[in-house]
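Open the model in your viewer and keep the selection tool ready. This tour goes from one selection to the next and says what is there.

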Amino acid sequence: MGRNKGFVKEREIISILNQKIFKDLDPAYKKEISKMCPGNINLEDELTCSKNEGSGLEKKTDLTLEIKKQKINMSVKIGTGNSVHQEPIDRFVKFLQSQNQLSQNQIDLIYEFHWCDGTFDNSGSVSSRKKKNDYAKSNRNRHTTYVDILRSYKKEIFTRVMLGTVNSPNYLLYFETFENKRPHFMKMNDLLEKHMAPEEAVKSIGIFNVQNCWPCLKGQDHGHKTHKCSEGCPKKIPRTQKHRHDVQFKVQNFGEYIL
């Protein structure tokens, strides 16, 4: 789901909840908010709902709902294929190191399956770059070890990816589609429990798929591309330059864990 649609959905939720009287809420919201604040809400109570500003690790809460001075932080997700976190691979490895020391062989494996070019330092040629799934198939034993390394940090990764470091969300609000008006609510602690379950897909880290955000398999991290003008003469023109340094965490379908 694109960023702009996410902002539209957040504004929609704010319009439904902000400065509204509890008794006048949509029944779906009223029921879920009652669960959030059991025995503590009166029909005439007024709610406020606001957007949280910020980015990166410090900002995983999208909206904050307040009723009777009780604040509830919420993360909003829509549809499938949600990218939930992205950061430079070097910073991510340093984070893992800060939680539990990695050996050099373990560090090398994490980098190898980030670059997927046969190196630990992104020094391979463009032609040697492969899709992560293809690279994993060609290096099954090392990939299994790599996955096991990241799985040993499952809880720490969930905290970093879904909760952040400041003002963490208490609830996930999930919409099956952008057009859907009624969200499904889930406590983050319940989602963590699903994440920590031993049953998971072969290549996943709990609920997450981990990949290079921009693998640049055709060399899009280089600064120019060749373009033939109308007269047929080749010339180099600037391209929007990407890079291969960010690791990305995605959840294929939150509905699998909520519905």
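Helices and strands here are DSSP runs, at least four residues long for a helix and at least two for a strand, and they are numbered from the N terminus. The model is a predicted one.

**The whole chain**

Start with everything selected. The protein chain has nine helices and ten strands. Of its 259 residues, 44% count as buried. Among contacts in the chain with a separation of 6 or more, 64% are between residues 24 or more positions apart.

**Helix α6**

Select residues 140–151, which form helix α6. How far apart are its end C-alpha atoms? They are 16 Å apart, and this agrees with the 16 Å that twelve residues should span at 1.5 Å a residue.

Now pick out the buried residues of α6: His143, Tyr146, Val147, Ile149 and Leu150. They lie on the same side of α6, because they cover an arc of only 155 degrees around the axis. Show their surroundings next. The buried residues of α6 pack against α3 (89–99), α4 (104–115), α5 (132–138), α7 and β7 (209–212).

**The cavity**

Stay in this region and look for enclosed space. Rolling a probe the size of a water molecule over the atoms shows where empty space is left. A search of the whole structure finds one cavity of 30 Å³ or more. The largest cavity holds about 50 Å³ of space.

To see its walls, select Ile89, Phe92, Ile110, Phe113, His114, Lys132, Tyr146, Leu150, Val210, Gln211, Asn212 and Val247, which line the largest cavity. Which elements each supply at least two residues of this lining? They are α3, α4, α6 and β7. Colour the lining of the largest cavity by class, and there are eight nonpolar, three polar and one charged residues. Two residues of this lining, Tyr146 and Leu150, are also among the buried residues of α6.

**The second largest pocket**

Next, turn to an open space. The second largest pocket contains about 360 Å³. It is lined by 19 residues, and those closest to its centre are Lys132, Asn133, Val210, Gln211 and Asn212. Select these five, then add the elements that give two or more residues to the lining of this pocket: α4, α5, α6 and β7. The largest share of the lining, four residues, comes from β7. By class, the lining of the second largest pocket divides into nine nonpolar, six polar and four charged residues.

Lys132, Val210, Gln211 and Asn212 appear in the lining of the largest cavity and also among the residues closest to the centre of this pocket.

**Glu156**

Move on to helix α7, residues 154–163, and select Glu156 in it. Is Glu156 buried or partly exposed? Its relative accessible area is 28%, so Glu156 is partly exposed. Leaving aside neighbours within four places in sequence, Glu156 is in contact with Phe95 and Gln99. Add Leu96 to the view: its C-alpha atom is separated from that of Glu156 by 8.2 Å, although the two residues are 60 residues apart along the chain.

**Ser75**

For the last stop, select strand β3, residues 70–78, and find Ser75. Ser75 has a relative accessible area of 1%, so it is buried. Not counting residues up to four places away in sequence, Ser75 touches Lys60, Asp62, Pro169, Tyr171, Leu172, Leu173 and Met188. Show these residues together with Ser75 to end the tour.

Definitions and conventions
Residues are numbered from 1 along each chain as its sequence is written. This is a predicted model: local features need pLDDT of at least 70, side-chain atom pairs count only at pLDDT 80 or more; totals for chains, interfaces and linings use all residues. Side-chain values use heavy atoms; hydrogens and water are left out. Buried means under 20% relative accessible area, exposed over 50%, partly exposed in between (1.4 Å probe, protein chains only). Contact means heavy atoms within 4.5 Å. The expected span of a helix is 1.5 Å times one less than its number of residues. The arc is that of the directions from the helix axis to the C-beta atoms. On a 1 Å grid over the protein atoms alone, a cavity is a set of points where a 1.4 Å probe fits but cannot get out, and a pocket is an open set with protein on both sides within 12 Å along at least five of seven lines; lining residues have an atom within 4 Å of a point. Grid points are joined across faces, edges and corners, and a volume is the space filled by probe spheres set on the points. Ala, Val, Leu, Ile, Met, Phe, Trp, Tyr, Cys and Pro count as nonpolar, Asp, Glu, Lys and Arg as charged, and the others, Gly among them, as polar.
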